[in-house]
Amino acid sequence: MSGKELVGRIWKATAGFYYVKTQDALLECRARGVFRKEGSTPLVGDMVRVSLTPDGKGTVSEILPRKNSLVRPPLANLDRMVLVLSVTDPEPNFYVADSYLAILAHRGIDAIIALTKSDLADPSELKQLYSGAGYPVYVVGLGEEEGLSALVNALSEGVSAFCGNSGVGKSTLLNRIDPRLALPTGDTSRKLGRGRHTTRHVELIPLPGGGLVADTPGFSSIEMLRMGHIPKDELAFCFPEFAPYLDKCQFNNCSHTKEKGCGVLQALEQGQIDPRRHESYLRLYEEAKQVREWEV
Ligand SMILES: Nc1nc2c(ncn2[C@@H]2O[C@H](COP(=O)(O)OP(=O)(O)O)[C@@H](O)[C@H]2O)c(=O)[nH]1
Ligand SMILES: [Mg+2]
Ligand SMILES: [Zn+2]
C-alpha cells in the first residue's frame, strides 16, 4: 500500500497532526515540512492529497486549491457562515452585524442568519431587515422547533461555521442541533474563561442530518473585524440588496454616499433599501477611506 495517494478533507488539526477524512477512513497524517517553508499551513476544511505510509498513516503532500479561507476561526473551504444574532439580550448591533456580512461576502462565503431569543422579544423586525437585504433568515429561539429544523436542513450539505458576539446563544444553538457537542453555555462557558476557547483547535463534526459543522465556540466581533479590510470600491458589491441599483448610477465611480443621480440613494429614498443597512455602508466606506493602500 505504501506510496498510494488519496484525496480527502482535513477534519481536525492538533499539534503536528492532521486527521484527513478519506472515502473510507479518518487517517492520522503528518504534514510535509515543505508547507512551513512555503508559509502555507494546511487548515481544517482543506482538501488535501495524502500519501499512505507503511504504518497505515499518511503524509499530507499537497493542499488542493481553496475556495476561501479564514484566519479566525482557522478554516478553509467554508460553504456558509451562520451569523447568530439575538433579538434581545444582547440587542443586535447593526454596524457589527453588517460588517460581518460584508466581510463574508468579500471573502466569497455565503452567509445565513439565525435569530435567537425570539422567545424573549419579537423577531419580526430583524427578520424583515435581513431577509429584505437578501439573506436567508431562520428564527431559532427556544421553542422554535420549525425554524430549527429549517436551519438544520440548510446545513445538511457542505461545511458550515457559526459566528456572532458572545452571549447571543451560539453554543446553545449548536447543542440543540447536535446534543453530542455538549458545548458549555452561559455562565459555565464564562467560568471556563476565554483562554480555553481561543487555544482550542477547530474540528469538523458531521451532523446527524448531514453536513459538517465547525465545532468552534465562536469568536468576537473584534477578531472578525480585524481580519477583513474591504477596499472602498468593492464595498457596494458586499451589500447584496444594492446590486439591482448599481448600474443605475449616473457616474461610473459613484460611491453611493452623496452623489446626484445615484441609483442606490434613490432606492434608499424610495424605501427599497433599509436606512440601517445604508448607514452601516456609510460607516464602512468612511473607514475604508482612512486605510491607505500601503497599510493593507
Ligand atoms: N431565552 C433564551 N435564552 C437563550 C437562547 N439562546 C441562548 N440563551 C441563553 O443565553 C445565554 C448565552 O448563551 P450561549 O449559548 O452561551 O451564547 P454564546 O456565547 O453565543 O455561545 C445562556 O444563558 C443561554 O441559556 C434563546 O433562544 N432563548
Ligand atoms: Mg459559546
Ligand atoms: Zn451610486
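Here's a quick tour of this protein, from its overall make-up down to a few unusual residues. Keep in mind that you're looking at a predicted model. The protein's secondary structure adds up to 10 helices and 13 strands. Of its 296 residues, 35% are buried. If you take contacts between residues at least 6 apart in sequence, 63% of them join residues at least 24 apart.

**The open sheet**

- Let's start with an open sheet of 6 strands, which you can trace in the order β10-β9-β8-β11-β13-β12. The pairing in this sheet is mixed.
- The edge positions go to β10 (137-139) and β12 (204-206). Each of those two has a single partner strand, so one side of each is left without a neighbour in the sheet.
- On average, neighbouring strands here are turned by 30° against each other, ignoring direction.
- Helix α2 (residues 94-107) packs on this sheet, where it touches β8, β9 and β11. The direction of α2 makes about 175° with that of β8.
- Towards the β10 edge, strand β9 (residues 110-116) runs parallel to β10, and 3 bridges join the two. To find this pairing in the structure, look for Ala114, which stands opposite Tyr138 in β10.

**A closer look at strand β11**

- Is β11 enclosed or open to the outside? All told, 5 of the 5 residues of β11 (residues 159-163) are buried, so this strand is largely enclosed by the rest of the structure.
- As a rule, side chains in a regular strand alternate between the two faces of the sheet.
- You can follow that pattern here: Val159, Ala161 and Cys163 point one way from β11, while Ser160 and Phe162 point the other way. Residues pointing in both directions are buried.
- What are the neighbours of β11 in the sheet? Strand β8 (residues 80-86) is joined to β11 by 4 bridges, and strand β13 (residues 212-214) is joined to β11 by 2 bridges.
- β8 and β11 run parallel, and β11 and β13 run parallel too.
- For landmarks, Met81 has Ala161 of β11 as its bridge partner, and Ser160 has Val213 of β13 as its bridge partner.

**The barrel**

- There's also a closed barrel, made of 5 strands that run β1-β2-β3-β5-β4. Its pairing is mixed.
- From one strand to the next, the twist averages 55°.
- One pair in the barrel is β4 (residues 47-52) with β5 (residues 58-63), which are antiparallel and share 5 bridges. In this pair, Leu52 stands opposite Gly58 in β5.

**The nonpolar core**

- The largest nonpolar core has 70 residues. The members that touch the most others are Ile10, Val20, Leu75, Leu83, Ala114 and Leu115.
- Which element supplies the largest share of this core? That's α2, with 6 residues.
- Ile10 makes a good example to zoom in on. Leaving out residues up to four places away in sequence, Ile10 touches Tyr18, Tyr19, Val20, Pro42, Leu43, Val44, Gly45, Asp46 and Val48.

**Around ligand 1**

- There are 18 residues around ligand 1, and the ones that come nearest are Gly169, Lys170, Ser171, Thr172 and Gly186.
- Two helices, α5 (170-177) and α6 (186-199), each supply at least two residues of this shell. α5 gives the most, with 3 residues.
- By class, the shell has 12 polar, 3 nonpolar and 3 charged residues.

**Unusual backbone spots**

- Asp89 and Pro90 are joined by a cis peptide bond, with omega about 0°. You'll find Asp89 in the loop between β8 and α2, and Pro90 is in that loop as well.
- Asp89 also has a positive phi of about 55°, although it's not a glycine.
- Is Asp89 buried or exposed? It has 12 C-beta neighbours inside 10 Å, so Asp89 counts as exposed.
- His256 is another residue other than glycine with a positive phi, near 60°. Its place is in the loop between α8 (232-235) and α9 (263-269).
- His256 has 23 C-beta neighbours inside 10 Å, so this residue counts as buried.

Key:
Residues are numbered from 1 along each chain as its sequence is written. Chains are lettered from A and ligands numbered from 1 in the order in which they are written. This is a predicted model: local features need pLDDT of at least 70, side-chain atom pairs count only at pLDDT 80 or more; totals for chains, interfaces and linings use all residues. A residue is near a molecule or strand if its C-beta atom, placed from the backbone, lies within 6 Å of it. Ala, Val, Leu, Ile, Met, Phe, Trp, Tyr, Cys and Pro count as nonpolar, Asp, Glu, Lys and Arg as charged, and the others, Gly among them, as polar. A residue is buried if 20 or more other C-beta atoms lie within 10 Å of its own, exposed if 12 or fewer, and partly exposed in between; C-beta atoms are placed from the backbone. Two strands pair if DSSP finds at least two bridges between them. Axes are lines fitted to C-alpha atoms, for helices over the stretch in contact, and angles run from 0 to 180 degrees between N-to-C directions. Two residues are in contact if their C-beta atoms, placed from the backbone, lie within 7 Å. A nonpolar core is a set of buried Ala, Val, Leu, Ile, Met, Phe, Trp, Tyr and Cys residues joined through C-beta atoms within 7 Å.
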